[in-house]
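Colleague: Please take a close look at one part of this model, the surroundings of ligand 2. Which residues are closest to ligand 2, and which elements give two or more residues to its shell?

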Amino acid sequence: MDIKEDIKTEENIKTLIYAFYDIVRKDELLSPIFNEVIKKDWDTHLETMCRFWSTMLLYSRTYKGDPMSKHIPLILSNEHFERWFLLFTETVDKLFQGKTANDAKRAAENIGRIMQKVKGINTKN
Ligand code: HEM
Ligand code: HEM
């Protein structure tokens, strides 16, 4: 078994986020949703996501935004959230291990669950 590092630096966040969205962009369920909204501006989206996760996990306070309002207009089912979380967890586990890696998975799960609840009427099942 190989020993993995924990998530500790901005570089680690970048590695995680780029790896995760590489997989999302190839996922037949999730990619159409992202491609429709993000179009060709993936660089901007990835930079935003790095700032979000660095604020969450490294307390950098580099993200200023309102993620909830960006997800309200999207038509997302529970299946979308489950897939998103599965791919996120798999990516974290493939690359990192430790307390912050576990925090990342827990935060993603909890935020995803709140998003699903708040979205309510836009959730198909
Ligand atoms: C089914 C699951 C999800 C899908 C399909 C999805 C899709 C998207 C899309 C299309 C955008 C771009 C919105 C825009 O620029 O207008 C976005 C932004 C974002 N998402 Fe998600 N998302 C999902 C779950 C999550 C979860 C669970 C989190 C947090 C843990 C999250 C955090 C964010 C953040 C921080 C942004 C950036 C918002 C900003 O521009 O400030 N997303 N997401
Ligand atoms: C869709 C919007 C958001 C939701 C639903 C949400 C929800 C949550 C939840 C449930 C946790 C606890 C995660 C856990 O440890 O299990 C959390 C943690 C955290 N959130 Fe948010 N959040 C949102 C947006 C934001 C934004 C915009 C920021 C910063 C600009 C932020 C900063 C943080 C930080 C720094 C933590 C970690 C706190 C700690 O480790 O003690 N969150 N959030």
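Modeller: What follows goes through the shell around ligand 2, then the iron site and one helix. The model is predicted. Ligand 2 is surrounded by 13 residues, and the closest are M56, Y59, R106, N110 and I111. By class, nine residues of this shell are nonpolar, three are polar and one is charged.

Three side chains place polar atoms by oxygen atoms of the ligand. For N110, an N or O atom of the side chain is 2.5 Å from an oxygen atom of ligand 2. A polar side-chain atom of Y59 lies 2.7 Å from an oxygen atom of ligand 2. For R106, the distance from a side-chain N or O atom to an oxygen atom of ligand 2 is 2.9 Å. Two or more residues of the shell come from each of α3 (42-58), α4 (67-71) and α6 (99-119). Helix α6 contributes the most, with six residues.

Helix α4 also holds H71. The NE2 atom of H71 is the single protein donor to the iron atom of ligand 1, at 2.0 Å.

Helix α3 has a further role in covering α2. In α2 (residues 31-38), the buried residues are S31, I33, F34 and I38. Viewed down the axis of α2, these buried residues fall within an arc of 160°, so they line one face of the helix. Their cover includes α1 (10-24), α3 and α5 (78-95). Just after α2, K39 has a positive phi of about 50°.

Notes: Residues numbered from 1 in each chain as written. Chains lettered and ligands numbered in written order. Predicted model: local features only at pLDDT ≥ 70, side-chain atom pairs only at ≥ 80, totals over all residues. Heavy atoms only, no water. Near = heavy atom within 4 Å. Polar contact = N/O pair within 3.5 Å; in protein donor to acceptor, adjacent residues only side chain to side chain. Helix = DSSP H or I, 4+ residues; strand = E, 2+ residues; numbered from the N terminus. Nonpolar A, V, L, I, M, F, W, Y, C, P; charged D, E, K, R; others polar. Donors = N, O, S within 2.8 Å, 3.2 Å for Na, K, Ca; no water. Buried < 20%, exposed > 50% of the residue type's maximum accessible area, 1.4 Å probe, protein only. Arc of directions from axis to C-beta. Contact = heavy atoms within 4.5 Å.
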